Amino acid sequence: MFPDALAPTRASSGAVGFDVYAYHVVDKETRATVQELPFELRGGESVLIGIGIVFAVPPSIDCQVRPRSGLASKYDVELSNSPGTVDPDYRGEIGILLRNRGKKGFTITKGMRVAQLVFTQVHLPVFHCVDELPPTYRNTGGFGSTGLTSIALGEVEYLAEQRRWDEHFMRIAISASLLSNCLRGVQRNADGFFEKDDLGRYIGASRHFGCVIVKDRTAIATGFNYRLSECDEKGGCAREVGGTQSGIANDIGCLHAEIAAIQNHALVGGPSLRGATVYINAEPCRMCAKVLLGCGIGAVVVPDGVYPTNGLPLILDAGIEVRYISVV
């Protein structure tokens, strides 16, 4: 609106809010300029500060006007309507309604950071009129009905339900691992052939791994480790032949189950992996952990007894949830 008005900016690379800068005092009703800054906001009074900026918020985006913690903690200056909302169809100047909760006056100067804007995706529901709502344990319990210190029943139920789903998908990962044709640990018979059972599975194989990628409680991809051209029944396992220890030189030998699952997902054009949960019946290697982090996964589930010695430390350091599950 004015050549010298300042556009919203973030104070740091990790900040989620965009700071907005005071430009002038505007009338609370007409939004006309009342006076230029500086302005002394006396204790107990409020004022509408215009930032000299207008912008169009994209549809289905919520632009919230939130207070800056520094003003509240140091000067008792807060937003009267916290949080405010800038709707997508609003085209007027953004106004910051400040109130001085303290007793001392506070001087607002031009270019002062007076609030912050936070943008989030919103969902617009369609309401349906019904005769009866589905029952819950809480039912009509309102304010204070869940108590202050006791463990909420909802949390217990949630954890139990999550465990049931974790067991379900871990069983799928274990089942996928049985499709592996890895030769590590398999013994040759007297005729020099690797031993197999009636279903053609290698007997004694020690490195059968499976992976399931889940989103919204739906398995969107599975994979298992399988050998490539460098491993075959004639030459055997490339890692065993070369004496390669576990956890190192992961580009030698079978394609890992996690990579196989991601490849299968890419082949069918599935949904984004951001926020997905990955189930693996073993700890991922460091290479696979890095790939999973790059996909934006939200959680990794591994069997009980798997300790973070290889790829899991990378996942934990990135703030990704790791859950442990025991499947009988």
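**View 1. Five strands line up in an open sheet.** In this predicted model, let us start with a sheet whose strands come in the order 13-12-14-15-16. Their pairing is mixed. At the edges sit strand 13 (218–224) and strand 16 (321–325), and each of these two pairs on one side only. Going from one strand to the next, the twist averages 20°.

**View 2. Strand 14 pairs with strand 12 and with strand 15.** Look at strand 12 (residues 210–215) beside strand 14 (residues 277–280): the two pair in the antiparallel sense, over four bridges. One residue pair to find here is Val-212 with its bridge partner Tyr-279 in strand 14. Strand 14 and strand 15, in contrast, run parallel and are joined by three bridges. For this pairing, find Thr-277, whose bridge partner in strand 15 is Ala-299.

**View 3. Strand 15 is largely enclosed by the rest of the structure.** How many of the residues of strand 15 (residues 299–303) are buried? The count is five of the five, so the strand is largely enclosed by its surroundings in the structure.

**View 4. Helix 4 lies across three strands.** Helix 4 covers residues 257–268 and lies across strand 12, strand 13 and strand 14. Compare its direction with that of strand 13: the helix runs at about 130° to this strand.

**View 5. Helix 5 has a buried face.** Which residues of helix 5 (residues 286–294) are buried? They are Cys-288, Ala-289 and Leu-292. Seen down the helix axis, the buried residues fall within an arc of 105°, so they line one face of helix 5. These buried residues pack against helix 4, strand 14 and helix 6 (312–317). On the other side of helix 5, you can find Lys-290 and Gly-294, which are exposed. After the helix comes Gly-296, with a positive phi near 80°.

**View 6. The largest nonpolar core has 29 residues.** Within this core, the residues that touch the most other members are Val-47, Ile-49, Ile-96, Leu-98, Ile-108 and Val-114. Several strands give two or more residues to the core, among them strand 5 (46–50), strand 9 (95–100), strand 10 (106–108) and strand 11 (113–121). Another core, of 22 residues, lies apart from this one and includes Ala-257, Leu-273, Val-300 and Ile-315.

**View 7. Ile-108 meets residues from elsewhere in the sequence.** Leave aside the neighbours within four places in sequence, and Ile-108 is in contact with Ala-22, Leu-37, Pro-38, Phe-39, Leu-41, Val-47, Ile-49, Leu-98 and Val-114. Contacts between distant positions can be counted for the whole chain too: residues 24 or more positions apart account for 61% of the contacts with a separation of 6 or more.

**View 8. Cys-63 is buried in strand 6.** Is Cys-63 buried or exposed? Its relative accessibility is 0%, so Cys-63 counts as buried. Beyond its neighbours within four places in sequence, Cys-63 is in contact with Phe-55, Val-57, Gly-84, Thr-85, Val-86, Leu-117, Val-118 and Phe-119. Take Gly-84 from that list: it is 21 residues from Cys-63 along the chain, while the C-alpha atoms of the two are separated by 8.3 Å.

Conventions: Residues numbered from 1 in each chain as written. Predicted model: local features only at pLDDT ≥ 70, side-chain atom pairs only at ≥ 80, totals over all residues. Heavy atoms only, no water. Contact = heavy atoms within 4.5 Å. Core = buried A, V, L, I, M, F, W, Y, C linked by side-chain atoms within 4.5 Å. Buried < 20%, exposed > 50% of the residue type's maximum accessible area, 1.4 Å probe, protein only. Pairing = 2+ DSSP bridges. Axes fitted to C-alpha atoms, helices over the stretch in contact; angles between N-to-C directions. Arc of directions from axis to C-beta.
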